[in-house]
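Thanks for sharing this one. Could you keep the model open while you read my notes?

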Amino acid sequence: MGTKLIIDTDPGVDDAFALALASQSEDVDLLGVTTVFGNVPLSHTTANARRLLQLFGRDDVPVAAGAARPMVYDNAKPAGFVHGQDGLSGHAGTLPEAKRPLDERGAVRLLVDLLEAADEPVTIAPIGPLTNIALLLAAHPDVREKIGRIVIMGGGVTKGNSTTAAEFNIWSDPEAARRVLADEDIPTVLVPLDITHQCSVDTGWLGKLAASGPLGAALEALTPTYVEHYTPILGMPGMVMHDAVAVAEAIRPGILDVESYPVDVECGFGPARGATLVDRRRLRSTDPQAMPGRTIDVALTTDVDAFREFVLGRITGGR
């Protein structure tokens, strides 16, 4: 079946595109979806994930709800002004009702069960705050050997969005992010704002999506609030598919160009809280000024036109 994948998500318009990309790709074995607080509260992210999978014809995929707040300090703020108060531009109620019941095991238990049952390494794509993943690795360290890669949408090398310094997913739970990014010895790819903004799409691209058929039209209909938010940021009518960029790398390794750097997360309470610290100085590991923390792959560039065609083709044709 190709890539065995679990997505941890907080839908969110860009999460909807990420779920569409994974669910419509024939070379992806989507094992499960877990939800977390983030763009909107957990009740909304969970309902949105279930309805989206129903829309995509994937009621075979279990969905379990996870963390409703950050791991340590409950000071995260939802982003309804970006995604709409329901997370999907006010159109969540237009999606079909989910037929599959919510999995009662909860996110961490579902993650453990899916990983333990897997007969080959599993890729995990966390595209919301990293709370569920930090809790999984803290409570069940034995599952590490079942994880092939973790591909994370989060952080910024040169920019933030929630604050000057911090990107939303990392800022929402810096302690969890630090646990996953800096402390765990699992192959990890970080997909930061620097690359996701390069992969933005305009309304012409969204028009092609809408014209592709009922699924594309339904997906495009979820974007108005999101496009309204991003148009002045991009300087054109369009949007940034943050989470779909990470999922694309999860299902086609190497579609993004990566470089390896030491990475850490600022967990203090000053203006830099939640900042992703990526040490690009290339100091020797024996240098006393080298940043502590492990080295991970950070995606910084891609063939943008080819990337956009890849995402559009997968969502509309399942190739």
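Below are some short points on a strand and a helix pair.

1. A word on the basis: this is a predicted model, where local features need pLDDT of at least 70, side-chain atom pairs count only at pLDDT 80 or more, and totals for chains, interfaces and linings use all residues. Residues are numbered from 1 along each chain as its sequence is written, and side-chain values use heavy atoms, with hydrogens and water left out.

2. Have a look at strand β4 (residues 122-126; strands are DSSP E runs of at least two residues, numbered from the N terminus). Because 5 of its 5 residues are buried, β4 is largely enclosed by the rest of the structure. Buried means under 20% relative accessible area with a 1.4 Å probe, protein chains only. V122, I124 and P126 cover one side, T123 and A125 the other.

3. What does β4 pair with? Strand β1 (residues 3-9) pairs with β4 in the parallel sense over 4 bridges, and I7 has A125 as its bridge partner. Strand β5 (residues 147-153) also pairs with β4 in the parallel sense, over 3 bridges; here T123 is matched with R149. Pairing requires at least two DSSP bridges between the strands.

4. Now the helices (DSSP H or I runs of at least four residues). The axes of α5 (residues 131-139) and α7 (residues 174-183), lines fitted to C-alpha atoms over the stretch in contact, come within 8 Å and cross at roughly 55°.

5. Which residues make the contact (heavy atoms within 4.5 Å)? From α5 they are T131, I133, A134, L137 and A138, and from α7 A176, R179 and V180.

Note on methods
Axes are lines fitted to C-alpha atoms, for helices over the stretch in contact, and angles run from 0 to 180 degrees between N-to-C directions. Contact means heavy atoms within 4.5 Å. Buried means under 20% relative accessible area, exposed over 50%, partly exposed in between (1.4 Å probe, protein chains only).
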